[in-house]
Structures are given as C-alpha cells and as structure tokens.
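User: Please take a close look at one part of this structure, the place where its chains meet, and walk me through it slowly, as I am in my first year.

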Amino acid sequence: MEPVINYLLLSGVLFSLGVLGVLMRRNAIVVFMSLELMFNAANLAFITFARMYSALDGQVFVFFVMAVAAAEVAVGLALMVAIFRSRRSIDMDQLNSMKG
Amino acid sequence: MVGELVFYMLAVAAVGTAIGMLASRNAVHSALFLAANFVTIALLYLNLGAPLIAFTQITVYAGAIMVLFLFVVMLLGGESLPVSPLVKNRRAIAGLLAVVLMAELVLVLLRQSSLLPGLDTASASFGAPREVGVLLFSRYVLPFEITSVILLAAMVGAIVLTKSDQTVSRLTPRLPKGNADGTGH
C-alpha cells in the first residue's frame with residue numbers, strides 16, 4: 001500500500017519548478033517548456049487521484065489536457081516564430097510593448 | 001518495498017531533469033532534459049495503473065511536441081541575449097517566489113495527508129485502453145468532439161501566424177488602381 005501523498009508532493013514540486021522557470025528564464029522557448037512541465041505536474045495529480053478513487057474520469061481528463069496542450073504548443077510556437085520575424089529576438093524582456 | 005523504491009528513483013529522475021532543464025544555458029539541452037522528464041512522468045503513470053495515458057504521453061509529448069520544440073529552437077537559433085535584463089535580481093526574486101509556492105503546496109498537502117487513503121491494488125482492467133475508450137465515447141463524447149474542433153482551430157491558427165506577408169498579399173484579392181497602398185485615403 002503506497003501512500004498517495006508521495007505522488008502529490010512530487011506533483012507540487014514539479015509545478016513549483018515550472019513556475020520558477022517561467023519567472024526566471026528570459027528565453028521565450030524555455031518559458032514554454034516550463035509551461036509544459038506545469039501541465040505535466042497537473043496531469044500527474046489527475047492520474048494519482050484517478051487511481052486513488054478508482055475512477056477513470058481522471059485519466060480521460062488527462063487525455064483532454066494533452067490535446068489542448070498540443071494545440072497550445074502549436075499556436076504558441078507559431079507566435080514565437082512570428083515575433084522573431086518582426087523583432088529578431090525572443091527575449092521576454094524585449095516583448096514589453098504591444099505595438100509591433 | 002520494490003514499488004516505493006521505483007517511485008523514489010523516478011521522483012529523483014523527474015526533479016533532476018526538471019532542474020537540468022531550468023539550469024541549461026543551451027535551449028537544445030533544455031529540450032532534451034524536458035524529453036527525459038516526459039519519459040520519467042510516463043513511467044510514473046505506468047506505475048499508477050494508467051498504461052494508455054503513459055504511452056500517449058510518450059508519443060504525443062516526448063515525440064510530437066518535443067520535435068516541434070527542437071524544430072523551433074533550431075529555426076530561431078540558440079540563446080543569445082546581449083541586452084541587460086529588465087528586472088534586477090530576477091533570479092533571486094523568482095527563486096524566492098518559487099520556494100514560497102513550493103512550501104505552501106507541501107504544507108497544504110501534508111496537512112491533508114491524514115485524509116488521503118493509501119493506494120491498494122487496482123483491478124486488472126483499471127486503465128486498460130478499452131475501459132478508457134468506452135468512457136471517452138460515452139460520457140465524454142461531447143468534450144471529445146470539441147477537442148477535435150480545438151485542434152483544427154490551432155492548426156489553422158498556426159498556419160496563418162507563420163505565413164509570411166508576401167504569401168498573404170499574393171493570396172488576397174488586388175485592390176483597384178490608385179488605392180494600391182491600402183490606406184483608403
């Protein structure tokens with residue numbers, strides 16, 4: 001009988017590391033990777049709760065989160081390419097004005 | 001206990017690859033660390049009785065999404081940030097905030113831990129592709145269809161965003177003479 005708390009603590013630590021990456025890194029691509037890390041931490045919690053309650057709904061939710069994350073990555077990276085074309089940079093610090 | 005030993009090894013690997021991703025100077029190294037992290041999380045899913053989700057994780061995340069990331073990293077070049085940062089002491093502030101968040105999460109979870117039941121052995125068919133598929137196409141069929149629309153919208157959006165201005169002007173109908181600059185005055 002494994003304690004559930006281990007998985008939830010791991011999920012919390014991974015989520016905090018993702019937040020750290022979003023706050024700390026200046027490269028927009030690495031910020032995106034940190035977002036993916038946070039998605040994964042949330043998915044891990046979903047799967048843990050699905051196992052805990054013996055309900056498959058959590059796994060189905062993770063399925064949807066993955067699909068939405070894939071869509072988000074496609075649009076986000078396309079935005080990154082478009083921003084790089086107009087600014088020649090993907091430094092988060094230089095993206096501080098809405099005007100192209 | 002073999003199960004706990006597996007968990008601790010995977011947990012160390014997951015946290016280690018996450019830290020490696022944050023600490024790498026090179027964006028390609030970050031992407032590879034993230035791929036290793038995805039595979040570790042997939043193994044944790046397998047440990048939690050979710051084989052379908054585990055292998056979807058490997059094909060979708062470690063496969064497709066990582067290729068997309070690496071492609072964009074290669075396209076845009078590595079990290080070259082000569083300009084001085086906008087916020088001073090960014091690392092210290094970010095580290096402090098992340099540590100506070102982590103402490104909050106750990107404290108809240110530990111306070112609730114007595115309410116959480118342990119994981120007993122699941123039934124053999126728990127998380128089998130058939131079970132998940134039946135649920136996906138019965139109770140969650142509407143979200144499933146909406147997801148397909150979201151993916152279509154994302155595909156169209158990505159194509160429109162990355163299309164160069166030249167292609168756009170070639171595809172749009174020509175304006176009448178004398179108004180060719182498109183300002184309308």
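Analyst: A good place to start is B:Thr147, which sits in helix 6 of chain B, in a model that, it should be said at once, is predicted. Its relative accessibility is 11%, and because the limit for calling a residue buried is under 20%, B:Thr147 counts as buried. Leaving aside residues up to four places away in sequence, B:Thr147 touches A:Phe64 and A:Ala67, so that following this one residue leads across to the other chain.

From that single residue we can step back to the whole contact, to which chain A brings 72 residues and chain B brings 84 residues. Between them, chain A and chain B bury about 7,400 Å², and 76% of this area lies on carbon and sulfur atoms. On the side of chain A, the residues that lose the most area to chain B are A:Met33, A:Arg51 and A:Met66, which together make up 10% of what that side buries.

The polar part of the contact can be counted as well, for chain A and chain B share 9 residue pairs in polar contact, where both residues have a pLDDT of 80 or more. On chain A, the side that touches chain B draws at least two residues from each of helix 1 (4-24), helix 2 (28-52) and helix 3. Of these, helix 3 of chain A gives the most to that side, with 24 residues. Sorted by class, the side of chain A that touches chain B has 50 nonpolar, 13 polar and 9 charged residues.

Charge brings us to the last feature, and a general point helps here: side chains of opposite charge can pair when their charged atoms come close. Over all chains, the structure holds 1 salt bridge, and it is formed by B:Arg139 with A:Asp57, whose closest N and O atoms are 2.5 Å apart. This pair crosses between the chains, running from B:Arg139, in the loop between helix 5 (129-136) and helix 6 (141-162) of chain B, to A:Asp57, in helix 3 (residues 57-87) of chain A. B:Arg139 has a relative accessibility of 55%, and because exposed means over 50%, B:Arg139 counts as exposed.

Put side by side, the two residues of chain B give a contrast worth keeping in mind, since B:Thr147 is buried, whereas B:Arg139 is exposed, and each of them reaches a residue of chain A, B:Thr147 by touching A:Phe64 and A:Ala67 and B:Arg139 through its salt bridge with A:Asp57.

Conventions. Residues are numbered from 1 along each chain as its sequence is written. Chains are lettered from A and ligands numbered from 1 in the order in which they are written. This is a predicted model: local features need pLDDT of at least 70, side-chain atom pairs count only at pLDDT 80 or more; totals for chains, interfaces and linings use all residues. Side-chain values use heavy atoms; hydrogens and water are left out. A salt bridge is a side-chain nitrogen of Lys or Arg within 4 Å of a carboxyl oxygen of Asp or Glu. Helices (H or I, at least four residues) and strands (E, at least two) are DSSP runs, numbered from the N terminus. Buried means under 20% relative accessible area, exposed over 50%, partly exposed in between (1.4 Å probe, protein chains only). Contact means heavy atoms within 4.5 Å. Buried area is the accessible area (1.4 Å probe) that two parts lose on being put together, summed over both. A polar contact is a pair of N or O atoms within 3.5 Å; within protein, one must be able to donate a hydrogen and the other to accept it, and residues adjacent in sequence count only if both atoms are side-chain atoms. Ala, Val, Leu, Ile, Met, Phe, Trp, Tyr, Cys and Pro count as nonpolar, Asp, Glu, Lys and Arg as charged, and the others, Gly among them, as polar.
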